[in-house]
Amino acid sequence: MVNKTQTESFSLTASSIDTISEIVNRCCTEHKMDRRNVIRMRLSIEESLGIWLNTLGEGATVSYKTGTRFLKSFFQISAEGEPCNPYSAKSEDFGHESKSILVNIGLIPEYSFVDGKNILTFQMKKKARNPVLSLIMIILSSIFVGILGRLLFAPDVLAMINENLILPIEDAAFRILSCIAGPMIFLSVAWGVYGIGDVYTLGRIGKKLMLSFVSIVFLFSTAGTLFYPFLGNGISAYSLVSSQFGTLFEMILNIFPANIFSPFVEGNTLQIIFLAFVIGLSMIFLGQRTSSVAKAVEQINHIITFLMGTISTFVPYFVFVVILKIIWSDSYETLLNVWKFALVFFIAWLVCTFILICAVSMLRKVNPLYLVKSCLPSYLIALTTASSAATYESNMFVCERRFGIDTSLSSFGIPFGMVLFKPSTALYYILICFYFSKVFDIQVSVSWIVIAVVITAISAVSTPPIPGGSAATYTILFLQLGIPSDALVIAVALDMIFDFFLTSGDMLLLLVELFSISSKIGMQNMNVINRCQQGQCQQGRF
């Protein structure tokens, strides 16, 4: 339902473009948007209206609309005439494949043509409060209420509140996450694969990027097993002498589902990813013959992403309830011991990142300090916002003006990598699984570890880059590894904290990997790098 709607129509002229631009500036300012986003949105609307003026002609009817839809504010402009998507006109900046991904993560407005009108819809996001401060406030307030409750109420009263109030809320939340997790992962992977664009792009760039991205993710997940002795109970003696080939072979064969619905009903991650990958590739090879299916997948993906974004707004309150339940149920020792997991993760990430950067610098013959210094702005943006989308402009600047990467590669590789390239997340997933295997005394075998490597790597790749995406992934991840649902409670609470570090780590490694790939496939201008290393970099915002 849309309410508080304002609309006004104009005759399309240079003067009316200026008028609408002023209205955009006023509306965004009143909505308390971040100043940088206000400028970007205003320039985007001015450029779109300019393209419509040149294409549809002076005098065409244009209008704007502002309002809220499902508690989210928007600014919409429309123009009557023949179909004309201003962002399709900018083919030199974005390929079709990267535009689809950018729309999905909210960096390009949504375009539609309805009843003879070209419509562009921009989301107006308020300037967010510092997420770190918000998180600290939630944790401190939940701890305060939890301790106060233990002081004021008898243990049996707290047990009754847990049993009759908090547990039903927790169960309902996880049912919602379980319901949306399968479709969200399927659509995220299928649309990410289809986003490669066409068979030519798949062969020239997409295949190389995908293989490289997935390989690094698996390497980080595998590297996490080296740190298992610091978190787990050790591998059982039985599993060491028993043949593991039967279990592993069964896992490989089990990737093929009995029917198209069972993977979603059973929450089988491997089967969901397999179906998504096959369908995404099929749509690429069939091209225009599946345009209607691709459009349906895109639209359903928008719906699922919107629903997950809406659900994620309630995650902080859920974390409050989760921590409260842990304190009142005498299981808070699990949280108190999280410091050990955190320490092992940070050491593991530093070691893996250091090795990767050194390897790239030696292979590509570049100073490793130059790599780190160039990536630092994007890393800091991601670290303070926990948003990969917020780093897009900085990433483009670094790739093109610090690393000399060809625009056609960076404009596709950055959004594609923001969706699929998550090595830090894969490392985190496998270490948290090792941690919970110790907490819940799970029997760990060689085959369990191998399956954990595969599942965590795939789960990292398939985690959508949206708020709350990880929470849904944990539901399926733990189900596959036999980790009790009680672990989900702690994992969701921890994810609120570690999301800042995972996002920033993934963005840092994405830039390093794009540097390596561009050099490998000959899409890099070494003159740019040489000038920068000599202190003659092209100046810019970042």
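This passage describes the overall make-up of a predicted model and then follows several of its helices, loops and individual residues.

The protein chain of this predicted model contains 22 helices and five strands. Of its 542 residues, 52% count as buried, and the accessible surface of the chain comes to about 25200 Å², with 63% of that area belonging to carbon and sulfur atoms. When contacts with a separation of 6 or more are considered, residues 24 or more positions apart account for 81% of them.

The largest nonpolar core comprises 104 residues, and the members that touch the most other members are F341, F403, Y428, L431, F436, W448 and F478. Helix 21 gives the most to this core, contributing 19 residues. Another core, of 27 residues, lies apart from it and includes I51, W52, A60 and I77. In soluble globular proteins, nonpolar side chains tend to be buried together. The surroundings of L431 can be listed in detail: leaving aside neighbours within four places in sequence, L431 is in contact with G224, F227, L231, F341, V344, F345 and A348.

Helix 15 can be described from one end to the other. At its N-terminal end, N367 acts as a cap, with a side-chain oxygen that lies 2.9 Å from the backbone nitrogen of L369. Helix 15 runs over residues 368-385, and because each residue should add 1.5 Å, its 18 residues should span 26 Å, a value that agrees with the 26 Å between its end C-alpha atoms. Helix 15 nevertheless bends by about 45° at L376, and a proline, P377, follows within four residues of that position. The buried residues in helix 15 are Y370, L371, S374, C375, S378, Y379, I381 and A382. An α-helix has 3.6 residues a turn, so residues three or four places apart point the same way. The cover over the buried residues of helix 15 includes helix 14 (338-364), helix 16 (392-401), helix 21 (486-520) and helix 22 (526-533). Just after helix 15, A386 takes a positive phi of about 55°.

Helix 16, which is part of that cover, is itself largely enclosed by the rest of the structure, because seven of its 10 residues are buried. These buried residues are Y392, S394, N395, M396, F397, V398 and C399.

Positive phi values also occur in two loop residues. Most residues other than glycine have a negative phi, and most peptide bonds are trans. The phi of K365 is near 55°, a positive value in a residue other than glycine, and K365 is placed in the loop between helix 14 and helix 15. With a relative accessibility of 75%, above the 50% cut-off, K365 counts as exposed. For D115, too, phi is near 55°, and this residue is placed in the loop between strand 4 (110-114) and strand 5 (117-123). D115 has a relative accessibility of 76% and therefore counts as exposed.

Two residues within helices were examined for their surroundings. T353 lies in helix 14 and, because its relative accessibility is 4%, under the 20% cut-off, T353 counts as buried. Leaving aside neighbours within four places in sequence, T353 is in contact with F220, L508 and L509. G146 is found in helix 4, which covers residues 131-152, and its relative accessibility of 0% means that G146 counts as buried. Although G146 and W328 are 182 residues apart in sequence, their C-alpha atoms are 6.5 Å apart in space. Not counting residues up to four places away in sequence, G146 touches L324, I327 and W328.

A buried position is also found in a loop, where Q524 is placed between helix 21 and helix 22 and, at 15% relative accessibility, counts as buried. The side chain of Q524 reaches the backbone oxygen of F403 at 3.3 Å, and it also makes a polar contact with the side chain of S518, at 3.2 Å. Leaving aside neighbours within four places in sequence, Q524 is in contact with F403, G404, I405, F515, S518, S519 and I529. One of these contacts, F403, is also among the residues that touch the most other members of the largest nonpolar core.

Terms used:
Residues numbered from 1 in each chain as written. Predicted model: local features only at pLDDT ≥ 70, side-chain atom pairs only at ≥ 80, totals over all residues. Heavy atoms only, no water. Expected span 1.5 Å × (residues − 1). Bend = angle between axes of the 7 residues up to and from the residue. Buried < 20%, exposed > 50% of the residue type's maximum accessible area, 1.4 Å probe, protein only. Contact = heavy atoms within 4.5 Å. Polar contact = N/O pair within 3.5 Å; in protein donor to acceptor, adjacent residues only side chain to side chain. Areas by Shrake-Rupley, 256 points an atom, 1.4 Å probe, with all protein chains shown as cover. Core = buried A, V, L, I, M, F, W, Y, C linked by side-chain atoms within 4.5 Å.
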